[in-house]
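Hi,

Here is the structure I promised to pass on. Please open it next to this email, and then read on for what turned up.

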Amino acid sequence: MNNTYIIREAVPDDAEKMISYLNQAGGESDNLLHGNNEFNVPIEGVKRKLAMSKESDNSIVLIAIDNGQIIARAELDGYYPARIRHRAKFSISVRKDYWNQGIGTEMIKRIFGLAKKMNVRIIELEVISDNVRGIHLYHKMGFEDIGIYKDYFFVNGNFKDAFVMQKII
């Protein structure tokens, strides 16, 4: 188990490393929203997004850092409208060489604690239907299956369904 990493909130100054991380992680797995070098958001856009999350009272981006590099990212993206402010979308990724070290579990635990403080009651996510490892992790952390989006992802020329899950905090 690698315990040399730290987990903290991402800030706008992390934007450049975030872009590099997302492009690397996208090339290591078919389970993310973008593939190898497909994350093409300009650095200013990433800085704005991180600043908005930092200012938000129901959103946060966490990163795990080891040796100065981002090795994992977790985001809780809260909804703005008053009647659904208690809900947030969740996403997470971990660099492949850090899989099976408990980093995803630790980041989800931190997200749950922060969600409670932010009065987020429902965390939802979509996971590609053949992401066995991710599905196992989400079930382990208490997420429940609530539905299926047909043909949600288009990966390597094929449509893939997504399982919709939620966790009530």
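Which residue in β7 does Glu-124 stand opposite? The partner of Glu-124 there is Gln-166. Before going further, a word on the basis: this is a predicted model, where local features need pLDDT of at least 70, side-chain atom pairs count only at pLDDT 80 or more, and totals for chains, interfaces and linings use all residues. Residues are numbered from 1 along each chain as its sequence is written, and side-chain values use heavy atoms, with hydrogens and water left out.

**The sheet**

The strands form an open sheet of 7 in the order β1-β2-β3-β4-β5-β7-β6, and the pairing is mixed. At the edges are β1 (6–9) and β6 (144–155), each with a single partner strand, so one side of each has no neighbour in the sheet. On average, neighbouring strands are turned by 25 degrees against each other, direction ignored. Strands (E, at least two residues) and helices (H or I, at least four) are DSSP runs numbered from the N terminus, and two strands pair if DSSP finds at least two bridges between them.

A good place to start is β5, residues 122–128, where 6 of the 7 residues are buried. Here buried means under 20% relative accessible area, exposed means over 50%, and partly exposed lies in between (1.4 Å probe, protein chains only). With β4 (residues 87–94), β5 pairs in the parallel sense over 3 bridges. Two facing pairs to look for are Lys-89 with Glu-124 and Ala-88 with Ile-123. With β7 (residues 158–168), β5 runs antiparallel, and 7 bridges join the two.

**The helices**

From β4 the chain passes through helix α3 (residues 103–117) to β5, a β-α-β crossover that is right-handed; that is, with the strands pointing away from the viewer, the path from the first strand over the helix to the second runs clockwise.

Helix α1 (residues 15–28) lies across β2 (60–66), β3 (69–78) and β4, at about 95 degrees to β3. Helix α3 packs on the sheet too, touching β1, β2, β3, β4, β5 and β7, and its direction makes about 150 degrees with that of β2. Contact means heavy atoms within 4.5 Å; axes are lines fitted to C-alpha atoms, for helices over the stretch in contact, with angles from 0 to 180 degrees between N-to-C directions.

**Aromatic rings**

How many aromatic pairs does the structure hold? There are 6. Rings of Phe, Tyr and Trp (its six-membered ring) pair if their centres lie within 6.5 Å; planes under 30 degrees apart count as stacked, over 60 as edge-to-face and the rest as tilted. Tyr-138 and Phe-143 are edge-to-face, because their planes stand at 70 degrees, with the centres 5.7 Å apart. Both of these residues are buried, and ring pairs link them with Phe-90 and Phe-112 into a cluster.

Tyr-149 and Tyr-152 are stacked, at 5.0 Å centre to centre and 15 degrees between the planes. Tyr-149 is partly exposed at 39% relative accessible area, and Tyr-152 is partly exposed at 35%.

**One loop residue**

Finally, have a look at Gln-101, in the loop between β4 and α3. Gln-101 is buried, with a relative accessible area of 16%. Its side chain reaches the backbone oxygen of Asp-97 at 3.4 Å.

Enjoy exploring!

Best wishes

Notes
A polar contact is a pair of N or O atoms within 3.5 Å; within protein, one must be able to donate a hydrogen and the other to accept it, and residues adjacent in sequence count only if both atoms are side-chain atoms.
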